[in-house]
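User: I'm new to reading protein structures. Could you walk me through this one with some questions and answers?

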Amino acid sequence: MTDLDEYGRRARAWLDAHARDLPREADLQTARAFMAELYDAGYSGITWPAEYGGQGLSAAEERVFQEAARDATMPVGPFGIGLGMCGPTLLSIGTEEQKRRYVRPLLRGEEIWCQLFSEPGAGSDVASLQTRAVRDGDAWVVNGQKVWTSVGRQADFGLLIARTDPDVPKHRGITMFIVDMHDPGVTVRPLRDMTGQSHFNEIFFDDVRIAPDQVVGEVNGGWAAAVTTLLHERVSIGMGATRTERPTSFAAMSEAARSRGLLEDAAVRDQLVDLYVRERALDLFNARLSQEVRAGIQPGARGSVAKLLLAELLMNGADVASEILGPDAVAYEDGEGVVARALSFAPGMALGGGTNEIMRNIIGDRVLGLPREPQVDRTVPFRDLKVGTQVKEAGA
């Protein structure tokens, strides 16, 4: 037995003892306790640097653990933004003090993070953001609004991007900050979506003071910092899907077709084949990205491919479920309605983390090397642009 075999055996034994009987939607206290146990057992931040709280192990151990955890129930949802986006951003461009202060508590589940990018007037066009940060003595003072923020109500800290210089073009006057979500100037309001749940929140900042040492990256260099986070985000979202857990997966839909006697229907078979091919393509693409990441090769803009594939897969799965299940897809009596929620949630994946259209533009520009779309506002000072509420201020 090799060292990796032994590592996998111990991981499976630990997961059997700690993750088999947990509820899929655990409460926050249970989730925090699980993260602490996961960290103490050596399975949180497996490849993250040991000097900042990670385990400092290789990609091979990470791969073995992910395989062992494939069928386990791990209530790590509240920590997904921190582990997949904020933590990697801090490790990439944070200061030494920021890494030592924030990474270990994040890995232990002691502190929850959110990402504060989208605004009512700046969704897919993130660079049009209007939340302002103005230097006032020994602090930056932030005013503005963010929206579509996951885990905003639970978060202790957030990665915020705000406009710090409106006199330069929109991509050059932005700065990234670490903001304390418990500051009295931060107001969080949940948004109930059509699934009946509140996955997202809107956040208001009223004279929130942030110390200069909480700037991530360079002042007015926040666009590059945001791109770093977005690349991590798209890889994290795209690689987060599993075939077995989705209620509209090929496995679930082929079983539904079998139980309804529809497997001999040529049209249904075609749909199931298409669903299987999409799942397999995403799995193989993610496997390649995962191997490269573990080898130290960053996927860059190819993370947008994974995110686009996932968004289209969920929509395709919803279509197949509607065809096979008919009214049963949304009319349920078991009190769970997991398929109905999956159908309601599917369109959101084509918006969150960047729309499908934005993903296609990124893939065309940066992966395929196609000519960029014309951007007539790229050299215009932000304060002269007619975007969002600025249109109203200008009387347009």
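Here is a short chat about helices, strands and a few single residues in this predicted model.

User: Let's start with helix 1 and helix 3. What is the orientation of these two helices to each other?
Analyst: Helix 1 covers residues 3-18 and helix 3 covers residues 59-68. Their axes are 9 Å apart, and the packing angle is about 40°. Angles under 35 degrees would count as roughly parallel, and 65 to 115 as roughly perpendicular. The pair is therefore oblique.

User: Which residues of helix 3 meet helix 1, and how many nonpolar residues does the contact have?
Analyst: From helix 1 come Leu 4, Tyr 7, Gly 8, Ala 11, Arg 12 and Leu 15. They meet Ala 60, Glu 61, Val 64, Phe 65 and Ala 68 in helix 3. Sorted by class, this contact has 2 charged residues, 1 polar and 8 nonpolar.

User: What about helix 4 and helix 5: which hand does their crossing have?
Analyst: Helix 4 is residues 80-93 and helix 5 is residues 96-107, and their axes come within 10 Å. They cross at roughly 160°, and angles over 145 count as roughly antiparallel, so that is what we call this pair. As for the hand, helix 4 passes helix 5 in a crossing that is left-handed.

User: Who touches whom there, and how many charged residues are in the contact of helix 4 with helix 5?
Analyst: Helix 4 brings Gly 82, Leu 83, Gly 87, Leu 90 and Leu 91. On the helix 5 side you'll find Gln 98, Lys 99, Tyr 102, Val 103, Leu 106 and Leu 107. By class, that makes 7 nonpolar residues and 3 polar ones, and the charged count is 1.

User: Now strand 4. How many of its residues are buried?
Analyst: Strand 4 runs over residues 157-163. In a regular strand, side chains alternate between the two faces of the sheet. One side here has Phe 157, Leu 159, Ile 161 and Arg 163, the other has Gly 158, Leu 160 and Ala 162, and both faces are covered. The buried count is 7 of 7.

User: Which residue of strand 5 stands opposite Phe 157?
Analyst: Strand 4 has strand 1 (residues 113-116) as a parallel partner, joined by 4 bridges, and there Trp 113 stands opposite Phe 157. Strand 4 also pairs with strand 5 (residues 174-180), in the antiparallel sense over 7 bridges. In strand 5, the residue opposite Phe 157 is Asp 180.

User: Which residue in the turn between strand 2 and strand 3 has a positive phi?
Analyst: Strand 2 and strand 3 (residues 139-146) are antiparallel, with 5 bridges. One of the bridge pairs is Asp 136 with Ala 139 in strand 3. The two strands make a hairpin with 2 residues between them, and the turn residue with a positive phi, about 65°, is Gly 137.

User: Is Ser 128 buried or exposed?
Analyst: Ser 128 sits in the loop between strand 1 and strand 2. Leaving aside neighbours within four places in sequence, Ser 128 is in contact with Gly 121, Ala 122, Arg 163, Lys 170, Phe 382 and Val 387. Its relative accessible area is 2%, and the cut-off is under 20%, so Ser 128 is buried.

User: And Arg 192, buried or exposed?
Analyst: Arg 192 is in the loop between strand 6 and strand 7. Beyond the neighbours within four places in sequence, it's in contact with Gln 197 and Ser 198. Its relative accessible area is 64%, and the cut-off is over 50%, so Arg 192 is exposed.

User: How does Thr 187 count?
Analyst: Thr 187 belongs to strand 6 (residues 186-191). Not counting residues up to four places away in sequence, Thr 187 touches Glu 202, Ile 203 and Phe 204. Its relative accessibility is 31%, in between the 20% and 50% cut-offs, so Thr 187 counts as partly exposed.

User: Last one: what separation do the C-alpha atoms of Ile 363 and Ser 304 have?
Analyst: Ile 363 is part of helix 11 (residues 356-367), and at 13% relative accessibility it counts as buried. Not counting residues up to four places away in sequence, Ile 363 touches Ser 304, Val 305, Leu 308 and Leu 368. Ile 363 and Ser 304 are 59 residues apart along the chain, and their C-alpha atoms are separated by 6.7 Å.

Definitions and conventions: Residues numbered from 1 in each chain as written. Predicted model: local features only at pLDDT ≥ 70, side-chain atom pairs only at ≥ 80, totals over all residues. Heavy atoms only, no water. Axes fitted to C-alpha atoms, helices over the stretch in contact; angles between N-to-C directions. Contact = heavy atoms within 4.5 Å. Nonpolar A, V, L, I, M, F, W, Y, C, P; charged D, E, K, R; others polar. Buried < 20%, exposed > 50% of the residue type's maximum accessible area, 1.4 Å probe, protein only. Pairing = 2+ DSSP bridges. Left-handed = near helix turned anticlockwise from the far one by under 90°.
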